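Here is a briefing to read alongside the sequence and the coordinates. It goes by topic, from strands to metal site to open and enclosed space.

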Amino acid sequence: MSDLKTFIAGLPKAELHVHHVGSASPRIVSELAARHPGTVPADVELLRDYFTFSDFAHFIEVYLSVVDLVRTPEDIRYLTYEIARDLAQTQQVRYAELTCTPYTSVRPDLAERPAGTGHVGMAIEAYTEALEDARVAAERDFGIALRWIYDIPGEAGIPAADATLAYAVDHGPEALVGFGLGGPEVGVPRPQFERHFDAARAAGLRSLPHAGETTGPQTIWDALTVLKAERIGHGTSAAQDPALLAHLAEHRIPLEVCPSSNVATGAVATIEEHPLKTFVDAGVTVTINSDDPPMFATTLNREYEIATDLLGLDSAGIADLARAAVDVSYAPDDVKTRLRGEIDTYATP
Ligand SMILES: [Zn+2]
């Protein structure tokens with residue numbers, strides 16, 4: 001495995017399921033906490049303890065406290081640029097689709113908070129501009145191409161969906177490729193967002209919802225039939241439904257699999273029980289992703305190592321996993337061609 005670990009560490013990759021704020025490493029959170037003193041420690045060592053979760057509710061609490069540190073366009077610019085640095089320099093990621101949740105930074109209700117009581121929200125125009133500035137700078141400085149997915153925080157319901165659709169369609173950044181849906185699934189049925197996904201698709205965006213992470217296969221069916229999903233975020237519970245697996249394989253709908261995340265949130269009990277191999281054996285296309293890596297104490301490289309164990313892969317199989325992510329990405333053709341070439345060159349003994 002140590003040779004394969006080295007192979008994975010140097011392998012050029014695409015990352016398709018990773019959250020913007022959820023990618024903030026202790027180094028990045030430390031800087032944001034120093035800018036906005038309060039609940040989150042600015043000391044990197046203390047932050048490592050802070051990122052140790054007792055359960056899913058605690059994870060959400062910590063996640064939201066980090067969301068609360070992203071208050072200004074300059075914070076968005078810093079966060080995005082530094083995430084890109086980490087992806088490019090430590091994980092050899094050459095292309096990433098980053099899921100952003102503009103609603104939590106631009107929330108209209110935050111804009112009404114009196115000054116001095118935490119952040120006041122920012123204009124969507126400033127948010128968009130900061131993202132795009134960071135993208136262009138990161139591509140220039142780190143050689144990584146970024147694209148955006150704007151997701152609805154499902155727990156915030158229809159108002160958040162309305163706002164996110166407007167941010168995507170009326171103020172969409174140049175590099176926006178997809179429309180997503182995240183947050184808890186229990187009590188948040190997918191079909192209520194049908195018109196939002198219809199409108200986003202009509203505007204040329206891809207339908208990329210989370211589904212079947214914490215609820216059963218019906219949620220994935222709903223994502224496919226109602227939201228017209230083109231990839232499924234997680235899709236873990238598809239393993240319980242052979243007809244669904246056959247449908248995913250037949251229609252070439254990929255699953256964005258994030259193994260460590262599924263264990264950290266309790267979606268699967270142990271990594272050994274992860275259904276990744278069930279998906280592959282059923283002919284479903286899978287991609288390997290990291291979700292909220294620092295918060296789940298993982299990295300994209302680590303997720304590839306886990307997949308290597310679960311699937312019993314050699315270096316050629318690992319390279320195929322990396323190729324699959326490129327193939328089902330929404331990267332521009334020139335980026336796909338370049339990245340496929342890099343993987344081929346790297347993987348050829
Ligand atoms: Zn996710």
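Which residue in E2 stands opposite glutamate 15? It is alanine 96. The model is predicted. Its strands include an open five-stranded sheet and an open four-stranded sheet. A zinc ion has four protein donors: His17, His19, His210 and Asp291.

**Five-stranded sheet**

- The strand order is E1-E2-E3-E4-E5, and the pairing is parallel.
- E1 and strand E5 (206-207) form the edges, each pairing on one side only.
- Five bridges link E1 to E2 in the parallel sense.
- E2 and strand E3 (residues 145-153) run parallel and share six bridges.
- Two residue pairs place E2 against E3: tyrosine 95 is opposite alanine 145, and leucine 98 is opposite tryptophan 148.
- E3 also pairs with E4, again in the parallel sense, over six bridges.
- Tryptophan 148 has leucine 176 of E4 as a bridge partner.
- Further along, isoleucine 152 is partnered by leucine 181 in E4.

**Burial in the sheet**

- Strand E2 (residues 93-100) has seven of its eight residues buried, so the rest of the structure largely encloses it.
- For E3 the count is nine of nine, so this strand too is largely enclosed by the rest of the structure.
- The side chains of E3 go two ways. Ala145, Arg147, Ile149, Asp151 and Pro153 point to one side. Leu146, Trp148, Tyr150 and Ile152 point to the other. All of them are buried.

**Four-stranded sheet**

- The order here is E6-E7-E8-E9, with parallel pairing.
- E6 and strand E9 (286-288) are the edge strands, and each pairs on one side only.
- Strand E8 (residues 255-257) joins E9 through three bridges in the parallel sense.
- In that pairing, leucine 255 faces valine 286 of E9.

**Zinc site**

- The donor atoms are NE2 of His17, His19 and His210, plus OD of Asp291. They lie 2.1 to 2.3 Å from the zinc ion.
- Why is the arrangement irregular? The angles subtended by the four donor atoms run from 86 to 172°. A tetrahedral site would need all angles between 85 and 135 degrees, so the upper end of that range rules it out.
- The donor spacing in sequence is H-x1-H-x190-H-x80-D.
- Histidine 19 in strand E1 (residues 13-19) and histidine 210 in strand E6 (residues 210-211) link distant parts of the chain, 191 residues apart.
- Histidine 19 counts as buried because its relative accessibility is 8%, under the 20% limit.
- Histidine 210 is buried as well, with a relative accessible area of 6%.

**Enclosed cavity**

- One cavity reaches 30 Å³ or more.
- The largest cavity has a volume of about 60 Å³.
- Its lining residues are Leu16, His17, Thr99, Ile149, Asp151, Gly180, Leu181, Leu208, Pro209, His210, Gly233 and Glu256.
- E1, E3 and strand E4 (176-182) each give two or more residues to this lining.
- By class, the lining of the largest cavity has five nonpolar, five polar and two charged residues.
- His17 and His210 line the largest cavity and are also zinc donors.
- Ile149 and Asp151, on one side of E3, line the largest cavity too.

**Second largest pocket**

- This pocket holds about 460 Å³ of space.
- Which of its 25 lining residues are closest to the centre? They are Pro293, Pro294, Met295, Thr298 and Thr299.
- Helix H5 (residues 73-91) gives the most to the lining of the second largest pocket, with five residues.
- The lining of the second largest pocket divides into 13 nonpolar, nine polar and three charged residues.

**A contact in helix H12**

- Leucine 245 sits in helix H12 (residues 242-250).
- Leucine 245 is buried, at 7% relative accessible area.
- Its C-alpha is 7.0 Å from that of phenylalanine 279, although 34 residues separate the two in sequence.

Definitions and conventions:
Residues are numbered from 1 along each chain as its sequence is written. This is a predicted model: local features need pLDDT of at least 70, side-chain atom pairs count only at pLDDT 80 or more; totals for chains, interfaces and linings use all residues. Side-chain values use heavy atoms; hydrogens and water are left out. On a 1 Å grid over the protein atoms alone, a cavity is a set of points where a 1.4 Å probe fits but cannot get out, and a pocket is an open set with protein on both sides within 12 Å along at least five of seven lines; lining residues have an atom within 4 Å of a point. Grid points are joined across faces, edges and corners, and a volume is the space filled by probe spheres set on the points. Ala, Val, Leu, Ile, Met, Phe, Trp, Tyr, Cys and Pro count as nonpolar, Asp, Glu, Lys and Arg as charged, and the others, Gly among them, as polar. Donors are N, O and S atoms within 2.8 Å of the metal (3.2 Å for Na, K and Ca); water is not among the atoms, so sites may look incomplete. Four donors count as tetrahedral if all angles lie between 85 and 135 degrees; four count as square planar and six as octahedral if opposite donors are over 155 degrees apart and all others between 65 and 115; anything else is irregular. Buried means under 20% relative accessible area, exposed over 50%, partly exposed in between (1.4 Å probe, protein chains only). Two strands pair if DSSP finds at least two bridges between them.
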